[in-house]
Amino acid sequence: MQNIKSYLGKRSRLLQAFLFFATIGVLVSCSKDEQSPYYFDPVAQRETDDKLIREYLSANNVDMATVTKTNSGLYYQQLEQGGAVKVESGDNVEVKYKGWLVNGTEFDSNYDSTRPFIFKVGAREVIGGWDEGLKLMKEGEKARLYIPSHLGYGRYPQGGIPSNSVLIFDVEVVDIK
């Protein structure tokens, strides 16, 4: 009986090793086909987004001294100072906003709406660029957020927003609840 267990144990380890190396071989043999419609390079996309944002800022004569770039690639520009209370994760905030693409196409706004837009910061109820950008703001503040695609809708088109779009938002923190 002991000989059978020893024999099966050795075979099991050999089988595991074979499967491990076969899997590694398959993964290594998979190459990036940049011609494939399914190929996506997130690093290249971030570089493209950053270039688009910088070109937009330059073309619109935005003073770069008034703009802060975060580690994630979000650009933040304060338009009007707010009060003393800063937005934090977990806060419910009421905001007014307008969003457009770098080509000037407006895709959303609630400035004409009587219904406020209220959401919980940090709860993934909005795009990542908003969750990050709102935490840089204070109650009553107005700011412009230049959001790279990976902090927006990424590769997934949304309504009138094409895939991999840089988004620009004017946001006003009306109230922190």
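**Group meeting: a helix and the strands that cover it**

Okay, so the secondary structure of this chain comes to three helices and seven strands. Keep in mind that this is a predicted model. If you walk along from the N terminus, the elements go α-α-β-β-β-β-β-α-β-β. The chain has 177 residues, and buried ones make up 32% of them. Its accessible surface comes to about 11600 Å², with 51% of that belonging to carbon and sulfur atoms. One more number for the whole chain: take the contacts between residues at least 6 apart in sequence, and 66% of them join residues at least 24 apart.

Let's go to helix H2, which covers residues 42-59. H2 has 18 residues, and from its first C-alpha to its last it reaches 25 Å, close to the 26 Å you'd expect at 1.5 Å a residue. Which residues of H2 are buried? They are Gln45, Asp49, Asp50, Ile53, Tyr56 and Leu57. Looking down the axis of H2, those buried residues fall within an arc of 135°, so they line one face of the helix. If you want the background to that, an α-helix has 3.6 residues a turn, so residues three or four places apart point the same way.

And what sits on the other side? The face of H2 turned away from the buried side carries Val43, Glu47, Ser58 and Ala59, which are exposed.

Now the two ends of this helix. At the N-terminal end, Asp41 acts as a cap on H2, with a side-chain oxygen 3.1 Å from the backbone nitrogen of Val43. At the other end, H2 is followed by Asn61, and Asn61 has a positive phi, near 50°.

I'd like to zoom in on one residue here. Gln45 is in H2, and its relative accessibility is 15%, which is why Gln45 counts as buried; the cut-off is under 20%. Apart from neighbours within four places in sequence, Gln45 is in contact with Phe40, Ser149 and Asn164.

Just past the helix there's Met64, in the loop between H2 and E1. Is Met64 buried or partly exposed? At 43% relative accessibility, Met64 counts as partly exposed. Leaving out neighbours within four places in sequence, Met64 is in contact with Leu57 and Tyr75. Leu57, you'll remember, is one of the buried residues of H2. The C-alpha of Met64 is also 9.3 Å from the C-alpha of Arg54, and those two residues are 10 apart along the chain.

So what covers the buried residues of H2? The cover includes strands E1 (67-69), E2 (75-80), E3 (92-101), E6 (142-147) and E7 (167-176). I'll spend the rest of my time on E3 and E7.

E3 is mostly covered, with eight of its 10 residues buried. How many bridges join E3 to E7? There are nine, and the two strands run antiparallel. To find that pairing on the screen, look for Trp100 opposite Ile168 in E7, or for Val95, whose bridge partner in E7 is Val173.

E3 has other partners too. With strand E4, residues 106-109, it pairs in the antiparallel sense over three bridges. Trp100 turns up again in this pairing, standing opposite Glu106 in E4. E3 and E4 form a hairpin with four residues between them, and Gly104 in that turn has a positive phi of about 95°. Then there's strand E5, residues 117-120, which pairs with E3 in the antiparallel sense over four bridges. The landmark there is Asn92, opposite Lys120 in E5.

Last one, E7. Eight of its 10 residues are buried, so E7 is largely enclosed by the rest of the structure. Besides E3, E7 is joined to E6 by six bridges, and E6 and E7 run antiparallel. Look for Leu145 opposite Phe169 in E7 if you want to spot that pairing.

To wrap up: H2 has its buried residues along one face, and E3 and E7 are among the strands that cover them. That's what I've got, thanks.

Terms used: Residues are numbered from 1 along each chain as its sequence is written. This is a predicted model: local features need pLDDT of at least 70, side-chain atom pairs count only at pLDDT 80 or more; totals for chains, interfaces and linings use all residues. Side-chain values use heavy atoms; hydrogens and water are left out. The expected span of a helix is 1.5 Å times one less than its number of residues. Buried means under 20% relative accessible area, exposed over 50%, partly exposed in between (1.4 Å probe, protein chains only). The arc is that of the directions from the helix axis to the C-beta atoms. Contact means heavy atoms within 4.5 Å. A polar contact is a pair of N or O atoms within 3.5 Å; within protein, one must be able to donate a hydrogen and the other to accept it, and residues adjacent in sequence count only if both atoms are side-chain atoms. Accessible areas come from the Shrake-Rupley method with a 1.4 Å probe; for residues, only the protein chains shown count as cover. Two strands pair if DSSP finds at least two bridges between them.
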